[in-house]
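Me: I am new to this structure and would be grateful for a close look at one part of it. Please choose a suitable part, and explain how it is placed within the whole.

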Amino acid sequence: MKNYTLKVHNIKKETKDTITLCFKQPGLRKIKYKAGQYLTLSFRINGRKYTRPYSFSSAPSIDPFLETTIKRVPEGVFSNYIHDNVQVGDIIEVMEPMGDFIYDQDDKVDHICFWGVGSGITPLISIMKEVLVSNPVVQVNLIYGNKNFESTIFLEGINELLKLYPYNLKVWHFHTQYNHDENHHFVKSGRINKDFILDLLKDANVERIKHYICGPNDLKNTIKTALDILKCPKENVFSEDFELVKDPKDFEAILTQQVKINFEGKDTFVEVLKGKSILEAALDVGIELPYSCQTGSCNTCKGKLKTGGLRMIGLLKEREDLALDDYLLCCSHPLTEDVYIQI
Ligand SMILES: Cc1cc2nc3c(=O)[nH]c(=O)nc-3n(C[C@H](O)[C@H](O)[C@H](O)COP(=O)(O)OP(=O)(O)OC[C@H]3O[C@@H](n4cnc5c(N)ncnc54)[C@H](O)[C@@H]3O)c2cc1C
Ligand code: FES
C-alpha cells in the first residue's frame, strides 16, 4: 500500500454542511486514479489515529486538482474534524486511490443512469464528467434526491454540464421539501421511487444501459427492485456504499471474547465486545491496525486466522478473492474463545 502526503490547495463550500478539499498533485509521484474511486485520509485526533475514505468528486482527465467532497455527519468524529480544522496549505496523509466503483468504456452500452442521494453524488459526478467528455455518443441520465435545492451538492456544476451537453445529459431532481414551480418540470416531489424508474425505462433496451447507484440502502433496494422487474442484467448494475448496515439478527451467535492479535511482531489480548468488530476493538486499545473503507470492500484490514472461529458480518459484496483463512477485520466478529489473528 502506497501512502502520500497532499497539500490542500483550496477549500470550496458546496452547501451549508458540505465542502470540497482540492489537493495539489505531488511534485514527483503523481497520483493516478479512476473516476469513481476514493482517497483515504488520515488524521490524529485527540491522540488517536482515524482514517476515512472519501470518493473523488474530480475526474482524472478533466480536473487539474484531486478533489474530495465531505459532508458533516452529526456527531461524526472525522467529518466534523475536517470541517472545523482543515485549512488551505495543510498537509494531509492519504493512501493510494482504491475502489472498484468505476466506469470501463463498453461499446455494448449506449445509456448510463446515475442514481444518487445527498453526498452519494460524489463518485457519480466524477464518473459522469469522465463519461461525458470521453464518450460523446452515450446518453447520460442523473436522478438525484435531496431535501431541496439549497442542500443539493454540485447544483451549479450539474447545471453547467447541462449547458455543455444539452443532447447527452438529462437530470431529474427529487426533493423531499418540494416547492412546486411550473417551469421546473424536472423537479419531482418526494423520493426516487419504483413507478418513476419503471416509467423512465419503459421503452429502453435494458441490455444496453448501465446503472450506478450511490446512496442509502433504501435507495439501492428501490432501484434494484425496479431493475429486476425490467429484467435488467445484474452485471450492468454497480453500487457504492458509504456505510456498513448491520442486522442485529446476525449477531445472535456472537459473544464478547478475548482475542489474541499479532501485529508488527507483537501479541496482544484484546476484549471484543459483542457487536464491535475486531478492528474497532483493536483501535480502541491503541493498536493502530491499517484500514480504509470499513465496509468489507477493500483489503486494507485483512488478517490471517491462525486458530479459532470468526464470522464476517455485513459484507456488502461477495469476496471470492479471499483465502479460507483471510478475514477482513472491519467486519469480523469472534465465534470462539481461542481466536488468534496475525496481521
Ligand atoms: C467507499 C466510501 C466512500 C465514501 N465517500 C464519501 C464522500 O465522498 N463524501 C462523504 O461525505 N462521505 C463519504 N464516505 C463516508 C466517510 O468515509 C465517513 O464514513 C463519514 O464522513 C463519517 O465519518 P465520521 O468519522 O464523521 O463519522 P463516525 O464518527 O465514523 O460515525 C458517526 C455516526 O454516523 C454514522 N455514519 C457514518 N457514516 C455515515 C454516513 N456516510 N452517513 C450517515 N451516517 C453515517 C455512524 O453509523 C455513526 O453512528 C465514504 C465512505 C466509503 C466507505
Ligand atoms: S477496511 Fe476495507 S475491508 Fe476492512
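Reply: The radius of gyration is taken over C-alpha atoms, and the rule for a compact globule is 2.2 Å times the number of residues to the power 0.38. For the 343 residues here that rule gives a value near 20 Å, and the chain, at 21 Å, agrees with it. This is a predicted model, in which local features need pLDDT of at least 70 and side-chain atom pairs count only at pLDDT 80 or more, while totals for chains, interfaces and linings use all residues. Residues are numbered from 1 along each chain as its sequence is written, chains are lettered from A and ligands numbered from 1 in the order in which they are written, and side-chain values use heavy atoms, with hydrogens and water left out.

The whole chain comes before the chosen part. Along the principal axes, its C-alpha atoms fill a box of roughly 65 × 50 × 40 Å. The secondary structure consists of six helices and 19 strands; these are DSSP runs numbered from the N terminus, a helix being H or I over at least four residues and a strand being E over at least two. Buried residues account for 49% of the 343, where buried means under 20% relative accessible area, exposed over 50%, and partly exposed in between, with a 1.4 Å probe and protein chains only. A contact means heavy atoms within 4.5 Å. Among contacts between residues at least 6 apart in sequence, 69% join residues at least 24 apart.

The part chosen for the close look is helix α5, together with the loop that follows. Helix α5 covers residues 217–229 and contains K220. Is K220 buried or exposed? With a relative accessibility of 10%, K220 counts as buried. Setting aside residues up to four places away in sequence, K220 touches I213, S239 and D241. Beyond the helix, the loop between α5 and β12 (237–240) holds K231. The backbone of K231 has a positive phi of about 60°, although K231 is not a glycine. In contrast to the lysine within the helix, K231 is exposed, because its relative accessible area is 65%.

A second residue with such a backbone angle is F154, which is not a glycine and has a positive phi of about 65°. F154 also belongs to a loop, the one between β8 (139–146) and α3 (155–164). At 12% relative accessibility, however, F154 counts as buried.

Another loop, between β6 (91–98) and β7 (111–117), contains D110. A relative accessible area of 32% makes D110 partly exposed. Apart from neighbours within four places in sequence, D110 is in contact with V137, V138, Q139 and R208.

Helix α1 (residues 77–85) may be set beside α5. Its buried residues are F78, S79, N80, I82 and H83. These pack against four strands, namely β2 (18–23), β3 (38–45), β4 (48–55) and β5 (66–71).

The cysteines complete the picture. With a disulfide defined as a pair of cysteine sulfur atoms within 2.5 Å, the count is zero. C113 is in no disulfide, and the nearest cysteine sulfur, that of C232, is 8.8 Å away. C113 counts as buried at 0% relative accessibility, and C293 counts as buried at 10%.
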